[in-house]
Amino acid sequence: METNEMMSYDIVIVGGGPAGLAAAIAARKSGTERILILERDKELGGILNQCIHNGFGLHTFKEELTGPEYADRFIQQVYEMGIEYRLDTMVMDISADKVVTAMNRSDGMFRIRAGAVILAMGCRERPRGALNIPGYRPAGIYSAGTAQRLVNIEGYMPGREVVILGSGDIGLIMARRMTLEGATVKVVAELMPYSGGLKRNIVQCLDDFDIPLKLSHTVVDIEGKDRVKAVTIARVGKDMKPIPGTEERYTCDTLLLSTGLIPENELSAGCGVEMNPVTKGPFVNEIMETNIPGVFACGNVLHVHDLVDYVSEEAGKAGEAAARYVQSGCTEASRERAPIRLTATGGVRYTVPSTIHTDRMDDLLTVRFRVGAVYRQAYVSVYFDDERVQHQKKKIMAPGEMEQIILQKKKLLEKPDLHTITIKIEEDDASDAIKSSSDGKAISSANETSGAADGAAHRQTM
């Protein structure tokens, strides 16, 4: 292929993981034929290929699957529908006018003019976990995701005596995985006073194997020059600084870092997509569209999920919207009504979406969010401008688990002058009366307290 040749596709999807696959299938089902998936790995499926534990697909397929099995359900649909894809292909740039520059070994560098672009690049691990730790940088320090790939795909054991820093879901799952492979996991240390992982993973991956979880602890020293020999952890105070005299030393040959995930958005920012400083992903509206018309985002590139079924759901919405965009030539909403802005405050860190055009929204719209601390017996309150329309008590809410509410289109249309929807956490019940005078609830929770535990019992990280 000559480098100056310009190809053309209706929809170009950047990423062939669970989000990209679901978006491509939804776009094809919506009537768009010329779709291309660009994937930098040697196979489709993304991170799911190394997630061999079960717990996936209960919402989407009503059965429990491993990560590769879940991915394969979508990959087979891509094959059957004849959706084009290119593997081992790195996207180098996306322009504001939706020209995608990519390269691979067989084609060299090439450009594609896209009618619409769907960003589905996923997320990466934060590398900062050991940057401020005194000591050498010997062999034996891995991110939890790298260790997962080494064990589950490459067939290598990173080590035999392990300390884990960070209680994100991948770190919890790797504590169990390393134990099952014969390693000894000495301790999991977590800087925050709460775990960053799901309750199920704490129970099944740590408690079931008698692995201690030490909250408000961090690594303060790494011993060893050629290979890790020992790690010292210490308790931290409210200022997050180590408290002298609380040090504990663990001999080990491996330190795994599970210090969080961050959306992979260099390409997004490069083409002018407006980014949310909290999620590190794009701001999107009710159809997963960014501030650039015809550029959509979904999955972990948008915000880090705790359930892959939600990734598929959001990606399906993005695929359908992208198909409508290329078929109609635009996604312009009616100018008769300004978009409604969603505001996260009072313990709610962010919302997805961040704006809503009621003319384009479905009858029911799921709004997802995370809280910034652990709340017990608190309330999720929703305000339409200054009017409180929901005040629902939740037994427990934690940063590691996503929350959601559902908005009804008909209720929003009843308020033509509505400008802002505010979602907040309120820890007291000053008034049980809901100010909404409508005969039905303006909003309903999609994660009832009674069902939250059951849902959490099946959730798995990707």
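1. The second largest pocket. In this predicted model, the second largest pocket is lined by 39 residues. Arg40, Ile47, Met121, Gly122 and Cys123 lie nearest its centre. The space in this pocket comes to about 920 Å³. By class, its lining divides into 15 nonpolar, 16 polar and 8 charged residues.

2. Who builds that pocket. Helix H1 (18–29), S6, strand S9 (123–125), H3 and helix H6 (266–270) each supply at least two residues of the lining. H3 gives the most, with 4 residues. Two of these elements, S6 and H3, come up again below.

3. The S6–S7 hairpin. Strand S6 covers residues 90–94 and strand S7 covers residues 99–104. The two run antiparallel and are joined by 4 bridges. Val91 stands opposite Ala102 in S7. The hairpin has 4 residues between its strands. Lys98 sits in the turn, with a positive phi of about 70°.

4. Just before S6. Asp88 lies in the loop between strand S5 (84–86) and S6. Asp88 is not a glycine, yet its phi is positive, at about 50°. Most residues other than glycine have a negative phi. Both Asp88 and Lys98 are worth a look in the backbone plot.

5. The parallel sheet. Five strands form an open sheet in the order S10-S17-S11-S12-S13, with parallel pairing. Strand S10 (141–143) and strand S13 (213–215) stand at the edges. Each has a single partner strand, so one side of each is left without a neighbour in the sheet. Neighbouring strands are turned by 20° against each other on average, direction ignored.

6. Inside that sheet. Strand S11 (residues 161–165) and strand S12 (residues 184–190) run parallel. They are joined by 5 bridges. Val163 stands opposite Val187 in S12. Helix H3 (residues 144–154) packs on the sheet, where it touches S10 and strand S17 (254–257). The direction of H3 makes about 90° with that of S10.

7. H3 against H4. What is the handedness of the crossing where H3 passes H4? The crossing is left-handed. The axes of H3 and helix H4 (residues 169–180) come within 9 Å and cross at roughly 35°. From H3, the contact uses Ala144, Gly145, Ala147, Gln148, Val151 and Asn152. From H4, it uses Ile170, Gly171, Ile173, Met174, Arg177 and Met178. These contact residues divide into 7 nonpolar, 4 polar and 1 charged. H3 thus has three entries in this note: it packs on the parallel sheet, it contacts H4, and it gives 4 residues to the lining of the second largest pocket.

8. The antiparallel sheet. Three strands make an open sheet in the order S14-S15-S16, with antiparallel pairing. Strand S14 (217–223) and strand S16 (248–251) are the edge strands, and each pairs on one side only. The twist averages 25° from one strand to the next. S14 and strand S15 (residues 230–235) are joined by 6 bridges. Within that pair, Asp221 has Thr232 of S15 as its bridge partner.

9. Cavities. How many cavities of 30 Å³ or more does the structure hold? There are 3. The largest has a volume of about 60 Å³. Its lining consists of Met288, Glu313, Glu314, Lys317, Val352, Pro353, Thr366 and Arg368. Helix H7 (308–328) and strand S23 (364–371) are the elements that give two or more residues to it. H7 has the largest share, 3 residues. The lining divides into 3 nonpolar, 1 polar and 4 charged residues.

10. A cis bond at the cavity. Which residues are joined by a cis peptide bond? They are Val352 and Pro353, with omega at about 5°. Most peptide bonds are trans. Pro353 is placed in the loop between strand S21 (348–352) and strand S22 (355–356). Both Val352 and Pro353 belong to the lining of the largest cavity.

Methods
Residues are numbered from 1 along each chain as its sequence is written. This is a predicted model: local features need pLDDT of at least 70, side-chain atom pairs count only at pLDDT 80 or more; totals for chains, interfaces and linings use all residues. Side-chain values use heavy atoms; hydrogens and water are left out. On a 1 Å grid over the protein atoms alone, a cavity is a set of points where a 1.4 Å probe fits but cannot get out, and a pocket is an open set with protein on both sides within 12 Å along at least five of seven lines; lining residues have an atom within 4 Å of a point. Grid points are joined across faces, edges and corners, and a volume is the space filled by probe spheres set on the points. Ala, Val, Leu, Ile, Met, Phe, Trp, Tyr, Cys and Pro count as nonpolar, Asp, Glu, Lys and Arg as charged, and the others, Gly among them, as polar. Two strands pair if DSSP finds at least two bridges between them. Axes are lines fitted to C-alpha atoms, for helices over the stretch in contact, and angles run from 0 to 180 degrees between N-to-C directions. Contact means heavy atoms within 4.5 Å. A crossing is left-handed if the near helix is turned anticlockwise from the far one by less than a right angle, and right-handed if clockwise.
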